[in-house]
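Please look through the model below, first as a whole and then residue by residue. The paragraphs after it follow the interior, the aromatic rings and one helix.

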Amino acid sequence: MLIFNKLFLSIYSFYYKINTDNKNYLKFRNFYRFYLFIYMLLFTSYLTFSQKNNMNEIKIGSSIPSFKLPDQNGNLFDINSVLGKKNLVIYFYPKDDSPGCTAQACSFRDHFEVFNEADALIIGISGQSVESHKEFAEKHRLSFTLLSDEGDKIRKQFGVPTNLLGLLPGRVTYIADKKAR
C-alpha cells in the first residue's frame with residue numbers, strides 16, 4: 001500500500017501543482033510534460049501510418065497490380081505489356097541521386113547481364129519527375145526502365161512502407177516470375 005501511495009503521489013505531483021516554491025522543479029516538470037506530449041504525438045502518428053501502409057502490402061504469392069506510368073523518356077509504360085512474358089524486378093526507391101538510391105541503381109546496372117540471362121526486366125519506380133529520372137539515368141548510364149510515380153499512387157497500390165513516420169518513401173524490391181507472382 002505504501003508503494004501505491006508513493007506512486008500515486010509522484011504521478012499526481014507531475015500533473016498538478018505541488019512544490020510550486022521550487023523553480024527548478026517547475027522547469028523540470030514542464031519540460032517533461034512537453035516531452036511526453038511530443039512523444040505520444042509521434043508514437044500515435046507512427047502507429048497510424050504503419051497500419052495504413054500494411055493494408056495493401058504485397059506478400060509472397062500475390063499478383064502484381066496493373067499500372068501505367070511514364071518512363072524516363074516520357075513514354076507510357078504499361079506493366080501488362082510485360083506481365084507473363086518476362087520475369088520482373090520492380091524496385092521502389094526514395095529519390096534520384098541520393099547516395100543509397102544511386103548505389104542501388106548502379107548495382108542493378110553492374111549486374112544487368114545477369115538479369116538479362118535470367119530473362120528479367122528491371123523497373124525502378126520513385127516519385128520524382130520524368131526529367132529527374134532522365135538526368136539520373138544518363139548521369140549513371142542506367143540501361144533499365146525508371147518510372148515516374150508522381151503522387152505515389154502505385155507505391156500505395158503496392159503497399160510500400162514508409163520511413164520516419166510516413167515522411168520518407170521506403171525502399172522495397174519485388175521479384176515476380178512470368179506468372180506475375
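Is Phe158 buried or exposed? Phe158 counts as buried, with a relative accessibility of 0%; buried means under 20% relative accessible area, exposed over 50% and partly exposed in between, with a 1.4 Å probe and protein chains only. The model is a predicted one, in which local features need pLDDT of at least 70 and side-chain atom pairs count only at pLDDT 80 or more, while totals for chains, interfaces and linings use all residues. Residues are numbered from 1 along each chain as its sequence is written, and side-chain values use heavy atoms, with hydrogens and water left out.

The protein holds 6 helices and 8 strands, which are DSSP runs numbered from the N terminus (helices H or I, at least four residues; strands E, at least two). Their order from the N terminus is α-α-β-β-β-α-α-β-α-β-α-β-β-β. Of the 181 residues, 33% are buried. Among contacts with a separation of 6 or more, 65% are between residues 24 or more positions apart; a contact means heavy atoms within 4.5 Å.

Phe158 also leads into the interior. In the largest nonpolar core, which has 19 residues, Ile79, Ile90 and Phe158 have the most contacts inside it. Such a core is a set of buried Ala, Val, Leu, Ile, Met, Phe, Trp, Tyr and Cys residues joined through side-chain atoms within 4.5 Å. At least two residues of this core come from each of β3 (87-92), β4 (120-126), α6 (153-158) and β8 (172-176). Another core, of 14 residues, lies apart from it and includes Tyr91, Tyr93, Ala105 and Phe144. In soluble globular proteins, nonpolar side chains tend to be buried together.

The aromatic rings come next. The structure has 10 aromatic pairs, where rings of Phe, Tyr and Trp (its six-membered ring) pair if their centres lie within 6.5 Å, and planes under 30 degrees apart count as stacked, over 60 as edge-to-face and the rest as tilted. Phe67 and Phe158 are edge-to-face, because their planes stand at 70°, with the ring centres 5.9 Å apart. Phe67 is in the loop between α2 (23-53) and β1 (68-70) and Phe158 is in helix α6, so this pair ties together parts 91 residues apart in sequence. Phe67 is buried as well, at a relative accessible area of 3%.

A further edge-to-face pair joins Phe108 and Phe144, at 6.3 Å centre to centre and 75° between the planes. It links helix α3 (residues 99-110), which holds Phe108, with the loop between α5 (130-139) and β5 (145-148), which holds Phe144; the two are 36 residues apart. Phe108 is buried at 10% relative accessible area, and Phe144 at 4%. Both belong to one aromatic cluster with Tyr91, Tyr93, Phe115 and Phe136.

Phe136 leads to helix α5, where Val130, His133, Phe136 and Ala137 are buried. Seen down the helix axis, the buried residues of α5 fall within an arc of 125°, so they line one face; the arc is that of the directions from the axis to the C-beta atoms. Their cover includes β1, α3, β4 and β5. On the face turned away from the buried side, α5 carries the exposed residues Glu131, Glu135, Glu138 and Lys139. Arg141, just after α5, takes a positive phi of about 50°.
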